[in-house]
Amino acid sequence: MTVHIDVADWVAIVFGSASSLTVADLGAMRTDVAVAALSVTRATVAGSDLYPDDHMKAAALLSELLIRAPLSIDVFNREIAAVTTLMFLDQNGHAWRPSPTHLPYWISETCRGRLGVHSLAQAIADECVCP
């Protein structure tokens with residue numbers, strides 16, 4: 001059974017990861033947008049998971065958080081999206097160890113709309129230690 005990240009988890013990630021956020025930045029945080037992005041790991045079509053495995057769910061989560069951008073500062077969105085995806089994979093028994101050069105590239109290409117969920121999922125799987 002997949003363990004999902006909820007908005008309370010996400011807010012804890014934000015507070016724990018982005019220590020240089022100001023009160024104004026936090027006030028501008030759009031939790032409704034975060035909720036919509038976080039719900040992608042639960043998405044179904046006709047009763048079946050839209051994203052059938054954890055790598056696909058993680059890729060969709062990373063992509064949604066990057067594209068929807070629930071924080072007011074872009075660099076924080078990228079950092080929090082990556083940390084949230086790491087946490088999602090970790091909670092589901094996967095040790096994702098992205099290359100320091102690959103992760104910024106994937107983030108950049110996803111933000112530009114050049115890297116889709118399937119390609120991103122494969123990239124995540126290639127750098128993931130799975131059970």
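The exercises below, each with a worked solution, concern a predicted model.

**Exercise 1. Asp-54**

Determine where Asp-54 sits, whether Asp-54 is buried or exposed, and which side chain of opposite charge is nearest.

Solution.
- Step 1: Asp-54 belongs to helix H4, which covers residues 54-68.
- Step 2: Asp-54 is buried.
- Step 3: The nearest side chain of opposite charge is that of Lys-57, at 5.8 Å. A salt bridge requires a side-chain nitrogen of Lys or Arg within 4 Å of a carboxyl oxygen of Asp or Glu. Asp-54 therefore has no salt bridge, with Lys-57 at 5.8 Å.
- Step 4: Leaving aside residues up to four places away in sequence, the contacts of Asp-54 are Thr-2, Phe-88, Leu-89, Asn-92 and His-94.

**Exercise 2. Helices H4 and H6**

Describe how H4 and H6 pack: at what angle, at what axis distance, and through which residues?

Solution.
- Step 1: Helix H6 spans residues 102-111, and its axis lies 9 Å from that of H4. The packing angle is about 60 degrees.
- Step 2: Because of this angle, H4 is oblique to H6. The class of roughly perpendicular runs from 65 to 115 degrees.
- Step 3: The crossing of H4 and H6 is right-handed.
- Step 4: On the H4 side, Ser-63, Leu-66 and Ile-67 take part, meeting Ile-107, Thr-110 and Cys-111 of H6.

**Exercise 3. Val-117**

Locate Val-117, classify its exposure, and list what Val-117 touches.

Solution.
- Step 1: Val-117 is in helix H7, residues 117-126.
- Step 2: The relative accessibility of Val-117 is 19%, so this residue counts as buried; the cut-off is under 20%.
- Step 3: With residues up to four places away in sequence not counted, Val-117 touches Tyr-51, Met-56, Ala-59, Ala-60 and Ser-63.
- Step 4: Glu-64 is 53 residues from Val-117 in sequence, while the C-alpha to C-alpha separation of the pair is 9.6 Å.

**Exercise 4. Ala-46 and Ala-69**

For Ala-46 and Ala-69, give the sign of phi, the loop, and the exposure class.

Solution.
- Step 1: Ala-46 is not a glycine, yet its phi is positive, about 50 degrees. Ala-69 also has a positive phi of about 50 degrees without being a glycine.
- Step 2: Ala-46 lies in the loop joining strand S1 (44-45) and strand S2 (48-49). Ala-69 is in the loop between H4 and helix H5 (74-91).
- Step 3: Ala-46 has a relative accessible area of 83% and is therefore exposed. Ala-69, at 17% relative accessibility, counts as buried.

Key
Residues numbered from 1 in each chain as written. Predicted model: local features only at pLDDT ≥ 70, side-chain atom pairs only at ≥ 80, totals over all residues. Heavy atoms only, no water. Helix = DSSP H or I, 4+ residues; strand = E, 2+ residues; numbered from the N terminus. Buried < 20%, exposed > 50% of the residue type's maximum accessible area, 1.4 Å probe, protein only. Lys, Arg positive; Asp, Glu negative; His and termini not counted. Contact = heavy atoms within 4.5 Å. Axes fitted to C-alpha atoms, helices over the stretch in contact; angles between N-to-C directions. Parallel < 35°, antiparallel > 145°, perpendicular 65-115°, else oblique. Left-handed = near helix turned anticlockwise from the far one by under 90°.
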